Amino acid sequence: MDVQKYWDAVLKQQAEVMRTYFHKEARIRWINTNEGFTVEEFIRANCEYPGNWEGQIERTVAADKTLFTIVHVFSADCQASFHVASLIEIQGDKIVSLDEIWGDDGPAPQWRLDLRLGRPIHS
């Protein structure tokens with residue numbers, strides 16, 4: 001599977017192209033919001049989300065039939081920014097399982113700033 005082309009289709013909200021990457025019985029879960037989707041629900045959630053989106057893969061790790069990606073996703077107007085960690089299981093060049101964790105980008109919480117813990121990883 002070409003993970004760059006997959007993410008291009010997701011970011012461009014191209015339902016027909018996205019559909020070609022999935023096994024019809026694929027299991028999709030958004031872990032941090034406790035949601036499970038069918039392929040069609042997942043595509044609809046992505047393609048009906050308002051706005052125009054851009055992004056870039058920041059990291060990919062492949063092992064056997066599993067891909068792990070970290071992707072920076074942001075609105076074309078740069079008003080919203082997220083990072084998504086995706087664990088993708090593939091069989092026969094189709095996604096059979098996709099677990100994702102989406103997080104809003106933003107500053108560290110005040111309690112860590114007060115303790116002077118950590119430092120920015122991006123400028």
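**A walk through the predicted model**

At 19% relative accessibility, Gln 13 counts as buried, because buried means under 20% relative accessible area. The structure discussed here is a predicted model. Gln 13 sits in the loop that links helix 1 (3–11) and helix 2 (15–19). Although Gln 13 is not a glycine, its phi is positive, at about 55°.

A positive phi is also found at Asp 64, again a residue that is not a glycine, with a value of about 60°. Asp 64 belongs to the loop between strand 3 and strand 4 (66–75). Is Asp 64 buried or exposed? With a relative accessibility of 85%, Asp 64 counts as exposed, because the exposed class begins over 50%.

Helix 3 comes next. This helix covers residues 39–47, and its buried residues are Val 39, Phe 42, Ile 43 and Asn 46. Looking down the axis of helix 3, one finds these buried residues within an arc of 95°, so they line one face of the helix. What covers the buried residues of helix 3? The cover includes helix 1 and helix 2. It also includes strand 1 (22–30), strand 2 (35–37) and strand 6 (94–104).

Between strand 1 and strand 2 there is a loop, and Asn 32 is found in it. Asn 32 has a relative accessible area of 44% and is therefore partly exposed. Leaving aside residues up to four places away in sequence, Asn 32 touches Glu 100, Ile 101 and Trp 102. With Trp 102 there is a specific atomic contact: the side chain of Asn 32 reaches the backbone oxygen of Trp 102 at 2.5 Å. Asn 32 can also be placed relative to Asn 52, which is 20 residues apart from it along the chain. The C-alpha atoms of Asn 32 and Asn 52 are separated by 23 Å.

The loop between helix 3 and strand 3 holds Gly 51. The relative accessible area of Gly 51 is 43%, so this residue is partly exposed. Gly 51 and Asp 114 are 63 residues apart along the chain, and 35 Å separates their C-alpha atoms.

Strand 3 itself consists of residues 53–63, and Val 61 is placed in it. Val 61 counts as partly exposed because its relative accessibility is 36%. Together with Phe 68 and Leu 87, Val 61 makes a nonpolar surface patch of about 210 Å².

The last residue to consider is His 72, which is placed in strand 4. Its relative accessible area is 18%, so His 72 is buried. Which residues does His 72 touch, apart from those up to four places away in sequence? They are Glu 54, Gly 55, Gln 56, Glu 58, Ser 81, Phe 82, His 83 and Asp 105. Ser 81 and Asp 105 also appear in polar contacts. The side chains of His 72 and Ser 81 make a polar contact at 2.7 Å. Another polar contact, of 3.4 Å, joins the side chain of His 72 to that of Asp 105.

Technical notes
Residues are numbered from 1 along each chain as its sequence is written. This is a predicted model: local features need pLDDT of at least 70, side-chain atom pairs count only at pLDDT 80 or more; totals for chains, interfaces and linings use all residues. Side-chain values use heavy atoms; hydrogens and water are left out. Patches are made of residues with over 30% relative accessible area and no salt bridge: like charges are joined within 9 Å, nonpolar side chains (Val, Leu, Ile, Met, Phe, Trp, Tyr) within 5 Å. Accessible areas come from the Shrake-Rupley method with a 1.4 Å probe; for residues, only the protein chains shown count as cover. A salt bridge is a side-chain nitrogen of Lys or Arg within 4 Å of a carboxyl oxygen of Asp or Glu. Helices (H or I, at least four residues) and strands (E, at least two) are DSSP runs, numbered from the N terminus. Buried means under 20% relative accessible area, exposed over 50%, partly exposed in between (1.4 Å probe, protein chains only). The arc is that of the directions from the helix axis to the C-beta atoms. Contact means heavy atoms within 4.5 Å. A polar contact is a pair of N or O atoms within 3.5 Å; within protein, one must be able to donate a hydrogen and the other to accept it, and residues adjacent in sequence count only if both atoms are side-chain atoms.
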